[in-house]
Amino acid sequence: MRGRLRHDRRALSAQGFEITSVLVSPPPLTSLPAVYLDETSSLWAVAYPLQPPVIHALSDVRACSSAEDLGEGDEGVPSGRPTLDAVLLHPRELSRRNAARRGLSLGIGVRVLLADGATGETAMSIPLCVSVVRRGSRAHRSLMSQADGLARALSPAPAAS
């Protein structure tokens with residue numbers, strides 16, 4: 001991870017971003033992003049491996065919440081007992097639906113709604129885990145706690161009245 005942090009620090013400093021806090025530090029050799037915070041400039045950045053980091057302003061965050069993929073809403077899969085055609089045409093969707101039926105979470109992350117000058121608002125998803133985790137397990141609680149912490153760190157401050 002040190003190599004990745006050093007690489008991200010170099011890439012971000014070239015854009016005027018100073019890492020003051022590491023919000024998410026993913027395990028090595030994964031495709032999960034790292035999330036950094038520059039508290040002095042009120043900026044945050046998302047850095048995927050082998051891609052340049054993307055910097056956002058904290059003031060552009062409209063809403064932020066933790067989310068998990070429960071496999072609901074998979075379209076194209078007939079309900080009930082699947083036929084051979086459905087298995088051959090939609091194996092991933094059927095596998096996801098069966099995992100969700102067994103009480104497994106298929107992914108955990110954070111959804112961020114950003115203000116965008118051109119289109120108004122843009123939705124962004126930051127994955128923290130893309131593997132299957134049993135709901136209610138210690139790993140699930142830990143990942144949801146991490147997602148909640150990231151959502152709190154990026155959430156806009158409530159307006160003073």
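Five bridges join strand β2 to strand β3 (residues 43–47), and the two strands run antiparallel. This pairing, taken from a predicted model, is a convenient place to enter the structure. β2 and β3 form a hairpin with four residues between them. In the turn of that hairpin, Ser 42 has a positive phi of about 55°. Two pairs of residues help to locate the ladder between these strands: Leu 37 has Trp 44 of β3 as its bridge partner, and Val 35 has Val 46 of β3 as its partner.

Strand β2 itself covers residues 34–38, and five of its five residues are buried. On one side of this strand point Ala 34, Tyr 36 and Asp 38, while Val 35 and Leu 37 point the other way. Both sets of residues are buried, where the term denotes a relative accessible area under 20%. The strand thus described as mostly covered includes a charged residue, Asp 38, among its buried positions.

β2 also pairs with strand β1 (residues 21–24), in the antiparallel sense and over three bridges. Within this pairing, Val 22 stands opposite Tyr 36 of β2. Tyr 36 is one of the residues that point to the side of β2 shared with Ala 34 and Asp 38.

The path may now be followed from β3 onward. β3 is mostly covered, with four of its five residues buried. Four bridges join β3 to strand β4 (residues 54–57), and these strands run antiparallel. Trp 44, already met as the bridge partner of Leu 37, stands opposite His 56 in β4. β3 and β4 form a hairpin with six residues between them, and Leu 50 in its turn has a positive phi of about 65°. β3 is therefore paired with β2 on the one hand and with β4 on the other.

Attention may next turn to the largest pocket. About 160 Å³ of space lies in this pocket. Its lining consists of 14 residues, and those nearest its centre are Asp 69, Gly 107, Ile 108, Gly 109 and Ser 125. Three strands, β5 (61–69), β7 (107–116) and β8 (120–129), each supply at least two residues of the lining. The largest share comes from β7, which contributes five residues. Sorted by class, the lining of the largest pocket has eight nonpolar residues, three polar residues and three charged residues.

The description can close with the protein as a whole. The protein has four helices and nine strands. From the N terminus on, its elements follow the order α-β-β-β-β-β-α-α-β-β-β-β-α. Of the 161 residues in the protein, 32% are buried. Among contacts between residues at least 6 apart in sequence, 52% join residues at least 24 apart. The accessible surface of the protein comes to about 9800 Å², and carbon and sulfur atoms account for 54% of this surface.

Conventions: Residues are numbered from 1 along each chain as its sequence is written. This is a predicted model: local features need pLDDT of at least 70, side-chain atom pairs count only at pLDDT 80 or more; totals for chains, interfaces and linings use all residues. Side-chain values use heavy atoms; hydrogens and water are left out. On a 1 Å grid over the protein atoms alone, a cavity is a set of points where a 1.4 Å probe fits but cannot get out, and a pocket is an open set with protein on both sides within 12 Å along at least five of seven lines; lining residues have an atom within 4 Å of a point. Grid points are joined across faces, edges and corners, and a volume is the space filled by probe spheres set on the points. Buried means under 20% relative accessible area, exposed over 50%, partly exposed in between (1.4 Å probe, protein chains only). Contact means heavy atoms within 4.5 Å. Accessible areas come from the Shrake-Rupley method with a 1.4 Å probe; for residues, only the protein chains shown count as cover.
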